[in-house]
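Ready for a short workout with a protein model? Load the coordinates, and let's work through some exercises together.

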Amino acid sequence: MVKIKFISLNARGINFSIKRRNLFRCFRNNNYDVIFLQETYSTKEVENLWVRDWGGSIIFSHGTSHSKGVAILFKKGLHVDVKNQLTTVDKNGRFILNKCNIEGENFLLINVYLPNEISEQIKYLNIINTNIPQLNDEQIICGGDFNTALNPIDKKGGRPVSDKYKIITEINNFIQTHQLVDIWRNQHPTLNKFTWRDKSHKVQCRLDYWLTGRDFLQQLQSDIIQLSNTDHSGITLTYISQDHKNRGPGFWKFNKSLLQDLSYVQKITDIIEHYKNEYNDFNNKRLKWDMIKMKIRESSISYSKYKAKQKRDFEKTLNDEIQSQTTMVELNPTTDNKQKLQQQKLKLEIFQHNKTKGMIIRSKIKWIREGEKNSRFFNNLEKLHAQKNI
């Protein structure tokens, strides 16, 4: 009964507090179990802070505070046995190899961030290949940013794919040697979809891949999704065992931010007045109050679900619009289409920013380190307001 959700993303730096927490919240809200991140810009000094922000465990391969770095994140509560003695971490922030058991399933996880220069790409791919350990029953899940389009269908604009034939050959040899499959291309053999584009959208490429074992293709599903605050798309991978069953709901906790919602306050006020009269014949005042509290709880749960659904629907609509507009830009990169896409992404950033601020307040985190405020985000926020006022 196993369902494991993976996502891989070139984050383009998450050393800004708000951006990092936005991203972590996005991963939690979408129930990703294992996250491969590239270009984290992590250093040894931030490990404890990032683990605290994430809530689960993290394997780091550090780069510098302004380049490189990869990490594998495991969701809090995930049943995972990380075999530290079978973990290889690149000292230059380019890859992590880890043998682990997740929810009873054995995997070799390989998180990859290859450089841009071909000779360096080949060097690091060879190092990764050399460090792959002896496998027993582990399935390989290799993901990340390979900085290479493997086929002409994976690139639009710019120099031809054939210019990088040396590294393409090496990657294909790596795939054949370990009996892997480019799972997204396997499931979408003719689809043009990209994971990176330049600012003008004149050059667009699929640079990010999940390479998985051939033996369990029927249990995998992969997709490309748009996320804010990075120039790369995320790539998802879902593993579902044959006997998977969905879990039921967890327990409910009151969200005190509802007390600032005038509609909710009025609704609860009306309920209290109504049930004070309804239970007027109760002689036991404690029982009467318990019955009224039960009704308050029922109404609060119902209202909370309604508001949460509103927010989820709004966020989903924004994401769907971004996905659709991204496809439009890929097909027709006009200035108007690109501006619409940027506006939609900015709306999503603002929405996620506000949700993250709310989480910080609710968890009583009253500090944001000086220098961690992402000034570019607030500049973009001002631009959107200016556009609305035109």
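Here are three exercises on a predicted model, each with a worked solution.

**Exercise 1.** Find which residues line the largest cavity.

*Solution.* Start with the count: one cavity of 30 Å³ or more turns up. The space inside the largest cavity is about 60 Å³. Next, list its lining: Lys19, Asn22, Leu23, Cys26, Leu227, Ser228, Asn229 and Gln352. Then sort these by element: helix 1 (residues 17-29) gives the largest share, four residues. Finally, sort by class: three lining residues are nonpolar, four are polar and one is charged.

**Exercise 2.** Work out which parts of the chain the salt bridge between Asp231 and Arg12 links.

*Solution.* First check the distance: the closest N and O atoms of Asp231 and Arg12 are 3.9 Å apart, and the cut-off is 4 Å, so the pair counts as a salt bridge. Now place both partners. Asp231 sits in the loop between strand 14 (220-225) and strand 15 (234-240), while Arg12 sits in the loop between strand 1 (3-10) and helix 1, 219 residues apart. Last, look at accessibility: Asp231 is partly exposed at 24%, and Arg12 is partly exposed at 30%.

**Exercise 3.** Decide whether Arg159 is buried or exposed, and do likewise for its partner Asp163.

*Solution.* The two side chains form a salt bridge, 2.9 Å from N to O. Arg159 has a relative accessible area of 62%, and because exposed means over 50%, Arg159 is exposed. Asp163, at 35%, is partly exposed.

Key
Residues are numbered from 1 along each chain as its sequence is written. This is a predicted model: local features need pLDDT of at least 70, side-chain atom pairs count only at pLDDT 80 or more; totals for chains, interfaces and linings use all residues. Side-chain values use heavy atoms; hydrogens and water are left out. On a 1 Å grid over the protein atoms alone, a cavity is a set of points where a 1.4 Å probe fits but cannot get out, and a pocket is an open set with protein on both sides within 12 Å along at least five of seven lines; lining residues have an atom within 4 Å of a point. Grid points are joined across faces, edges and corners, and a volume is the space filled by probe spheres set on the points. Helices (H or I, at least four residues) and strands (E, at least two) are DSSP runs, numbered from the N terminus. Ala, Val, Leu, Ile, Met, Phe, Trp, Tyr, Cys and Pro count as nonpolar, Asp, Glu, Lys and Arg as charged, and the others, Gly among them, as polar. Buried means under 20% relative accessible area, exposed over 50%, partly exposed in between (1.4 Å probe, protein chains only).
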